[in-house]
Amino acid sequence: QVQLVESGGGSVQPGGSLRLSCAASGTTFTAYTLGWYRQVPGKQRDLVATITTGGSTNYADSVKGRFTIGRDNAKNTVYLQMNSLKPEDTAVYYCNARRITVLTATNYWGQGTQVTVSS
């Protein structure tokens, strides 16, 4: 059974930092693009950052320069370092792993972790 388990969420004041982690089990994710998405109630789930198998990264404009995504293939883990947090970063953050081949498309999600930025 494939599982993605996020950790590291919590409450922080504006300008603070948090580091999210997502540990994968049940398969090896070296062949997957890994990413973080976030969602607030009543809105769609939006991309925050992704990292490919080769280490190429992509960020939402709203987090560029503040967030950094990284992966440790040996630990089957993806990270999101969040600095200079703003109240508008408040959301549930979801870890994602996806792999698209000629024959298949596979997509896994974690259960989400709450991040609250408030004074």
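## Salt bridges, core and aromatic pairs

Arg-38 forms a salt bridge with Asp-89, with 2.9 Å between the closest N and O atoms. Arg-38 belongs to strand β4 and Asp-89 to the loop between β8 and β9, so this bridge ties together parts that are 51 residues apart in sequence. The model is a predicted one.

Both partners lie inside the fold. Arg-38 counts as buried because its relative accessibility is 14%, under the 20% cut-off. Asp-89 counts as buried too, at 1%.

Asp-89 has a further partner. Arg-66 forms a salt bridge with Asp-89, and here the closest N and O atoms are 2.7 Å apart. This pair also links distant parts of the chain: Arg-66 sits in the loop between β6 (57-59) and β7, 23 residues from Asp-89. Arg-66 is buried, with a relative accessible area of 10%. Through shared partners, Arg-38, Arg-66 and Asp-89 join into one network.

How many salt bridges are there by this rule? The count comes to three. The table lists them.

| Salt bridge | N to O distance |
|---|---|
| Arg-38 and Asp-89 | 2.9 Å |
| Arg-66 and Asp-89 | 2.7 Å |
| Asp-61 and Lys-64 | 3.1 Å |

In the Asp-61 and Lys-64 bridge, Asp-61 is exposed, with a relative accessible area of 63%.

Next, the disulfide. The structure holds one. It joins Cys-22 to Cys-95, with an S to S distance of 2.1 Å. Cys-22 lies in strand β3 and Cys-95 in strand β9 (residues 91-100), 73 residues apart. The angle about the S-S bond is -85°, and the link is left-handed. Cys-22 and Cys-95 are both buried.

The largest nonpolar core has 28 residues. Which of them touch the most other members? They are Trp-36, Leu-80, Met-82 and Tyr-93. Strands β3, β4, β5 (46-51), β7 (67-72), β8 (77-82), β9 and β11 (113-117) each give two or more residues to this core. Leu-80 shows what such a position touches. Beyond its neighbours within four places in sequence, Leu-80 is in contact with residues including Leu-18, Leu-20, Trp-36, Val-48, Phe-67, Ile-69 and Tyr-93. Polar residues are also among the contacts of Leu-80: Arg-19 and Thr-68.

Aromatic rings come next. The structure holds four aromatic pairs. One of them is Tyr-32 with Tyr-108, which is tilted, at 6.1 Å centre to centre and 45° between the planes. Tyr-32 lies in the loop between β3 (18-25) and β4 (33-39), and Tyr-108 in strand β10 (residues 105-109), so the pair ties together parts that are 76 residues apart in sequence. Are the two residues buried or partly exposed? Tyr-32 counts as buried, at 6% relative accessibility. Tyr-108 counts as partly exposed, at 25%. Phe-29 joins Tyr-32 and Tyr-108 in one aromatic cluster.

Two arginines sit over rings. The charged end of Arg-19 is over the ring of Tyr-79, 4.3 Å from the ring centre. The charged end of Arg-45 is over the ring of Trp-109, at 4.6 Å from the centre.

Finally, Thr-33. This residue lies in strand β4. At 16% relative accessibility, Thr-33 counts as buried. Setting aside neighbours within four places in sequence, Thr-33 is in contact with Thr-50, Ile-51, Thr-52 and Thr-53. Arg-71, Asn-96, Ala-97 and Arg-98 complete the contacts of Thr-33.

Definitions and conventions: Residues numbered from 1 in each chain as written. Predicted model: local features only at pLDDT ≥ 70, side-chain atom pairs only at ≥ 80, totals over all residues. Heavy atoms only, no water. Phe/Tyr/Trp six-rings, centres within 6.5 Å; stacked < 30°, edge-to-face > 60°. Helix = DSSP H or I, 4+ residues; strand = E, 2+ residues; numbered from the N terminus. Buried < 20%, exposed > 50% of the residue type's maximum accessible area, 1.4 Å probe, protein only. Lys NZ or Arg CZ within 6 Å of the ring centre and 35° of its normal. Contact = heavy atoms within 4.5 Å. Disulfide = S-S within 2.5 Å. Core = buried A, V, L, I, M, F, W, Y, C linked by side-chain atoms within 4.5 Å. Salt bridge = Lys/Arg side-chain N within 4 Å of Asp/Glu carboxyl O.
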